[in-house]
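Dear colleague,

I am passing on the structure below, and after it you will find my notes on what turned up when I went through it. Please read them with the coordinates open.

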Amino acid sequence: TPSHPIPNPSYTMFRTVARIPTARLMAATSVSAAAGFAGLSSSSCEASTESPTVAISKSKFTPLVVSKNEIVGLNVHKITLDFASPTDSLGMTTAGMLLVEGTKRDSNDGDDKIARPYTPVSRNDTLGKLELVVKDYPGVGNVSTHICKAAVGSTLAVKGCFTKIAVTPNKWKKVGLIAGGSGLTPCLQVAEELLSDGEDNTEITLIFCNQCPEAIFLKDHIDALVARSNGRFKVHYCVDKVSTGYFSDAWNGLTGYVTKEMVAEYLPAADGVNNMIMVCGPPPMYKALCGPKEFPKGKPPAQGELTGILKDLGFTSDAVFKF
């Protein structure tokens, strides 16, 4: 895989995933019930008679050619997949995701397929291609490793897109986002969608959690979004621990797991359906903040009961979304 420097913040709509503790390893990029996504509501990725043509389908996997595989961080790759036509579009409704097919790591014949959900980092108005930013977990990941090792000129099979929650201008007064490691991907998609609309006035706050300061990816890009937001977008970086050395003196962010006090101080307060909190991260984060999602066999994932810190702070299930 070719090695390139981390792109500058002018790139459109990057997403990242970051190194997280072992207990948090399989976060938002890996969902055991991925097959259930086939039943999610979707207003996107179906064949269209209108221009531009939507490039992929939610009913079958479409092979797309890998035109770029760039290293953008430690075990983090940005993959560019070309559509059949340079005028085709992704046809995604934010917040949306797609499935990428790969081979199970322990497969003997290479025919044992598995699919995992990923959030595109390219906006829907990008024609001719889509982009993914994926964190590899060497020796553990299945589809993530398959994607990160994909050679230029090879193909990756993609199905989608599936809309998880419709994000529209001024739908909420304030949005709070809590992202753990790879959970940054959909949270940043929401933020960029709202910030891209000149008519939107939503106030957005992100708490981005990682294991340590060195594990934070795309900080320049995130900070650039904050700077261009005219005060609408605020970000608080949070790490489990601060390592010794340079960062121990320079770190001025939050430390420790997200607490009730952090949420109350930095994120929007409960206000019925006017304010929304969105969470994406590893299982321990869901358990502490809002309770786990449910993965009924043969069905799409369900939000599950709201518990934890957010319920204690007065939020209701219609004001919290679990990616």
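In strand β8, threonine 205 is the bridge partner of glycine 176, and this pair belongs to a ladder in which β7 and β8 run parallel over 7 bridges. Strand β7, which spans residues 174–180, is mostly covered, with 6 of its 7 residues buried. Please keep in mind throughout that this is a predicted model.

On confidence, the mean pLDDT of the protein chain is 84, and 82% of its residues reach 70 or more. The weak part is residues 1–49, over which pLDDT stays under 50, although the model has 159 contacts beyond four places in sequence for this stretch. Where pLDDT is low, the predicted coordinates should not be read in detail. I would therefore leave those contacts of residues 1–49 out of any close reading, given that pLDDT is under 50 there.

As for the chain overall, it holds 7 helices and 12 strands, and 53% of its 323 residues count as buried. Among contacts between residues at least 6 apart in sequence, 73% join residues that are at least 24 apart.

Next, the antiparallel sheet. Six strands form an open sheet in the order β4-β3-β6-β1-β2-β5, with antiparallel pairing. Its edges are β4 (113–118) and β5 (129–135), each of which pairs on one side only, and neighbouring strands of this sheet are turned by 40° against each other on average, direction ignored. Strand β3 (residues 96–103) is joined to β6 (residues 155–163) by 6 bridges, the two running antiparallel; within this ladder, glycine 96 has threonine 163 of β6 as its bridge partner, while leucine 98 is matched with glycine 160. On its β4 side, β3 is again antiparallel and again joined by 6 bridges, with leucine 99 facing proline 117 of β4 as bridge partner. Since 6 of the 8 residues of β3 are buried, this strand is largely enclosed by the rest of the structure.

Between β4 and β5 there is a loop that contains threonine 126. Is this threonine 126 buried or exposed? Its relative accessible area is 16%, and threonine 126 therefore counts as buried, the cut-off being under 20%. Leaving aside residues up to four places away in sequence, threonine 126 touches Asp88 and Ser89.

Turning to the nonpolar interior, the largest nonpolar core has 50 residues, of which Met278 and Phe323 touch the most other members. Helix α2 (residues 184–195) gives the most to this core, with 6 residues. Apart from this core lies another, of 23 residues, including Leu64, Val100, Leu132 and Val158. Methionine 278 itself, residues up to four places away in sequence not being counted, touches Ile165, Val167, Trp172, Gly176, Leu177, Ile178, Val190, Phe321 and Phe323. Gly176, one of these contacts of methionine 278, is the glycine whose bridge partner in β8 was given at the start.

The last element I went through is helix α3 (residues 219–228), in which His221, Ile222, Ala224 and Leu225 are buried. Seen down the axis of α3, these buried residues fall within an arc of 160°, so they line one face of the helix. An α-helix has 3.6 residues a turn, so residues three or four places apart point the same way. On the other side of α3, Asp220 and Ala227 are exposed. The cover over the buried residues of α3 includes α2, β8 (203–210) and β9 (233–239).

Aspartate 223 also lies in α3, and with a relative accessible area of 29% it is partly exposed. How far apart are the C-alpha atoms of aspartate 223 and phenylalanine 233? They are separated by 9.5 Å, the two residues being 10 apart along the chain. After α3 comes asparagine 230, whose phi is positive, near 55°.

With best regards

Technical notes:
Residues are numbered from 1 along each chain as its sequence is written. This is a predicted model: local features need pLDDT of at least 70, side-chain atom pairs count only at pLDDT 80 or more; totals for chains, interfaces and linings use all residues. Side-chain values use heavy atoms; hydrogens and water are left out. pLDDT is the predictor's confidence in each residue, from 0 to 100. Contact means heavy atoms within 4.5 Å. Two strands pair if DSSP finds at least two bridges between them. Helices (H or I, at least four residues) and strands (E, at least two) are DSSP runs, numbered from the N terminus. Axes are lines fitted to C-alpha atoms, for helices over the stretch in contact, and angles run from 0 to 180 degrees between N-to-C directions. A nonpolar core is a set of buried Ala, Val, Leu, Ile, Met, Phe, Trp, Tyr and Cys residues joined through side-chain atoms within 4.5 Å. Buried means under 20% relative accessible area, exposed over 50%, partly exposed in between (1.4 Å probe, protein chains only). The arc is that of the directions from the helix axis to the C-beta atoms.
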